[in-house]
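Dear colleague,

I am handing over the structure below, and I would be grateful if you read my notes with it open beside you. They begin with a single residue and then move outwards.

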Amino acid sequence: MRKFVSVLLIFLLIFSVAFSAKVYKMKIGIGYNDKSSQYAALIYFKKLIEKRSNGRLQLDVYHSSQLGDDREMIEGISLGTVELACPSTAPLAAFVPEYGVFDLPFLFPDEKAADYVLDSVIGVKLLQKLEKINAIGLCFWENGFRNLTNNVRPIKSPEDLKGLKIRVMQNQVFIDTFRTLGANPTPMAFGELFTALQQGVVDGQENPWQTIYTMKFYEVQKYVSDTGHAYSPFVLMISKTFWKKLPDDLKKIIQDSAIEAKIYQRKLNREMNKAAIEKLKSLMTVTFLTNEARKDFQKAIKPVYDKYRSKYGSLLDEILEKVEEYEKTKNE
Ligand code: KDG
């Protein structure tokens with residue numbers, strides 16, 4: 001009898017180890033390369049989840065659009081063919097229109113204001129809207145404030161943009177903004193951008209400092225201006241098809257690690273942006289806008305706000321109120 005019980009116990013032990021050791025494999029693809037803060041943070045996230053789950057969670061990270069661009073990654077999440085994605089909010093607006101609100105120019109005065117809004121209930125509600133595309137929104141990371149590069153002339157005022165062909169993300173707010181400024185906006189996937197700049201298909205593009213540096217856009221662009229005209233958040237999301245299969249302890253590991261990696265990513269992103277400005281000074285002609293020129297840009301894009309005010313309605317009001325609240329707390 002004793003022998004039977006011990007054999008049974010051994011059997012149960014082997015069975016439970018085998019059962020609990022089920023491995024959940026995930027992949028994620030991004031447009032940026034392996035020099036970006038986004039890639040570094042995904043590796044940080046990968047290490048956290050793999051260690052905390054004792055290898056039950058495994059993540060493969062693909063950079064440089066190897067799995068496709070933001071849009072394809074979002075589609076992959078919907079279909080359940082990729083497990084994770086981290087796109088900019090701009091292409092996401094084609095699937096969940098509310099996300100287009102972040103592309104309104106000069107919405108946030110600085111990065112901390114963006115954190116204040118995105119980490120508030122406004123952000124939580126927006127993440128919940130991703131259920132519509134079969135996704136669970138984990139949290140917001142940062143792509144950052146976007147600056148304008150081109151190959152024709154230094155941009156010192158809105159007039160300088162007239163007639164320039166500028167690649168923009170695939171998003172109507174960006175198209176309207178650049179059209180309003182007199183440029184010729186050309187929506188294009190990120191993976192095609194370097195070659196388009198090199199071959200002169202477009203005159204310019206807009207992206208954060210560290211993107212201009214790490215993607216080597218300075219090799220094919222002469223001028224950059226610190227327009228900081230829009231702030232792009234990244235959204236870290238996971239396919240609901242995959243999420244439903246996960247045991248609760250692994251869900252918790254993913255959620256907690258995503259937040260920890262967010263803190264790491266935002267900090268690194270800001271440091272890398274600062275460092276990139278310094279490096280770009282010797283590689284391109286860098287123009288810093290005067291306060292007056294910045295105001296001229298803000299005035300020139302006013303029609304874009306007027307057009308989208310009714311579309312984004314109370315969401316835009318809520319964001320603007322929150323930004324005001326942030327300004328007050330900042331000055332206290
Ligand atoms: O990995 C990030 C890219 O896929 C994309 O979001 C970059 O801002 C971007 C752009 O201009 O397309």
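In which helix does G123 lie? G123 lies in helix α6, where helices are DSSP runs of H or I of at least four residues and strands are runs of E of at least two, both numbered from the N terminus. Please bear in mind that this is a predicted model, in which local features need pLDDT of at least 70 and side-chain atom pairs count only at pLDDT 80 or more, while totals for chains, interfaces and linings use all residues. Residues are numbered from 1 along each chain as its sequence is written, and side-chain values use heavy atoms, with hydrogens and water left out.

G123 is buried, with a relative accessible area of 2% (buried means under 20%, exposed over 50% and partly exposed in between, with a 1.4 Å probe and protein chains only). Apart from neighbours within four places in sequence, G123 is in contact with V117, L118 and F140, contact meaning heavy atoms within 4.5 Å.

V117 and L118 also appear among the buried residues of helix α5 (residues 111–118), together with A113, A114 and D115. These buried residues pack against α6, β4, β10, α11 (248–280) and α13 (302–331). At the N-terminal end of α5, D110 acts as a cap, with a side-chain oxygen 3.3 Å from the backbone nitrogen of K112.

As for the sheet, 5 strands form an open arrangement with mixed pairing, in the order β2-β1-β3-β10-β4, and two strands count as paired if DSSP finds at least two bridges between them. The edge strands, each pairing on one side only, are β2 (57–62) and β4 (135–145). Helix α2 (residues 37–52) packs on this sheet, touching β1 (24–29), β2, β3, β4 and β10, and its direction makes about 165° with that of β2; axes are lines fitted to C-alpha atoms, for helices over the stretch in contact, and angles run from 0 to 180 degrees between N-to-C directions. Helix α6 (residues 121–128) packs on the sheet as well, touching β4 and β10, with its direction at about 125° to that of β4.

Finally, the ligand. An oxygen atom of the ligand is 2.6 Å from an N or O atom in the side chain of S88, and a polar side-chain atom of R146 lies 2.9 Å from an oxygen atom of the ligand. The protein covers 98% of the 330 Å² of accessible area that the ligand has on its own, areas being calculated by the Shrake-Rupley method with a 1.4 Å probe and, for residues, with only the protein chains shown counting as cover.

With best wishes

Conventions:
A polar contact is a pair of N or O atoms within 3.5 Å; within protein, one must be able to donate a hydrogen and the other to accept it, and residues adjacent in sequence count only if both atoms are side-chain atoms.
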